[in-house]
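Hi everyone, thanks for coming. I'd like to walk you through a structure that is new to most of us, so please have a look at it first.

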Amino acid sequence: MVQLKSPTEIDQMRTACKIVGQILVEIEELVKPGVSTADLDLFCQTRTKELGAKPAFKGYHGFPATLCVSVNEEVVHGIPSKKRILKSGDIVGCDFGVIYNGWYGDSAKTFRVGEVTDSAMKLIEATRKSLYLGIEQCIVGSHLFNIGHAVQNYVESLGYSVVREFVGHGIGRSLHEDPQVPNFGARGKGMLLKPGMVLAIEPMINMGSPEVKVLSDGWTAVTVDRKYSAHFEHTVAITENGYEILTQV
Ligand code: MG
Ligand code: MG
């Protein structure tokens, strides 16, 4: 069942979402060759506490960290490690969420580390753009799958593929609420979007084939062909007047 949020509740969600957006902006400064993925996690832990929030992912179904860090062929849910040192040419997806006053915010960005290939940069830019094309479909009376259709149509036109196994979601007093928000689908299908829906839209786009698998750590999803994957996410509120990207700072 979709939990619609009142304007007051959306206002309350804004704080959690701004904290997430702010920390993701700050973390970009740290993403450099020589930094470990555990360093990024520690930074998020510290800043979350300083801003009076709680990590949303730590302990969620047993996830061991504050930040999901997914490097190169890792798609999502990478576990930070002191042993994983970033190097020039890597791309690093940082997926981050907090709880503030009982409300969740969730957002992700993919950063380049040092100098990356043109093809890696193009994948990052296309994934970012696909997120915004999806968000533009968040209009009252539009169909839910128009979001995924816009994402899929754009990235497939560039020769990329859309991950099917992981999707976006409603968000509010829980991290994952109804409805699921796939990054693929047919225009004109799916439920009608209503004011008060708050959706975490999160395209995961692969340079090669769409197949992914989960590693033996039980969390890290990687592309089966080991080609790069990128991920962007925003928490978006649908209102009478359009949409508001709550995690944008
Ligand atoms: Mg996320
Ligand atoms: Mg999410």
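**Two metal ions and a ring pair**

Let's start with the metals: the magnesium ion (ligand 1) and the magnesium ion (ligand 2) sit 3.1 Å apart, and Asp106 coordinates both of them. Please keep in mind that this is a predicted model.

Let's take the ions in turn. Which protein donors does the magnesium ion (ligand 1) have? They are two OD entries from Asp95, an OD of Asp106 and an OE of Glu233, and they lie 2.0 to 2.7 Å from the ion. If you follow the sequence, these donor residues have the spacing D-x10-D-x126-E. Asp106 is in strand 5, while Glu233 is in the loop between strand 13 (229-231) and strand 14 (234-239), so this pair ties together parts that are 127 residues apart in sequence.

Now, are these two residues buried or exposed? Asp106 has a relative accessibility of 2%, and because buried means under 20%, Asp106 counts as buried. Glu233 is buried as well, with a relative accessible area of 0%.

On to the other ion. The magnesium ion (ligand 2) is coordinated by Asp106 through OD, His169 through NE2, and Glu202 and Glu233 through OE, at 2.1 to 2.2 Å. Along the chain, its donors follow the spacing D-x62-H-x32-E-x30-E. Here, too, distant parts of the chain are linked: Asp106 belongs to strand 5 (residues 103-112) and His169 to strand 7 (residues 168-170), 63 residues apart. Both Asp106 and His169 are buried.

Let's leave the metals and turn to the aromatic rings. How many aromatic pairs are there? The count comes to 1. The partners are Phe63 and Trp219, with ring centres 5.0 Å apart and planes at 85°; over 60 degrees counts as edge-to-face, so that is what we call this pair. Phe63 sits in the loop between strand 1 (54-55) and strand 2 (67-71), and Trp219 in the loop between strand 11 (212-214) and strand 12 (221-223), which puts the two 156 residues apart.

As for accessibility, Phe63 is buried at 4% relative accessible area, whereas Trp219, at 21%, counts as partly exposed.

One last contact involves a charge and a ring: Arg164 lies over the face of Phe184, at 4.9 Å from the ring centre.

If you take one residue home today, I'd suggest Asp106, which coordinates both magnesium ions. Thanks for listening, and I'm happy to take questions!

Technical notes:
Residues numbered from 1 in each chain as written. Chains lettered and ligands numbered in written order. Predicted model: local features only at pLDDT ≥ 70, side-chain atom pairs only at ≥ 80, totals over all residues. Heavy atoms only, no water. Phe/Tyr/Trp six-rings, centres within 6.5 Å; stacked < 30°, edge-to-face > 60°. Helix = DSSP H or I, 4+ residues; strand = E, 2+ residues; numbered from the N terminus. Buried < 20%, exposed > 50% of the residue type's maximum accessible area, 1.4 Å probe, protein only. Lys NZ or Arg CZ within 6 Å of the ring centre and 35° of its normal. Donors = N, O, S within 2.8 Å, 3.2 Å for Na, K, Ca; no water.
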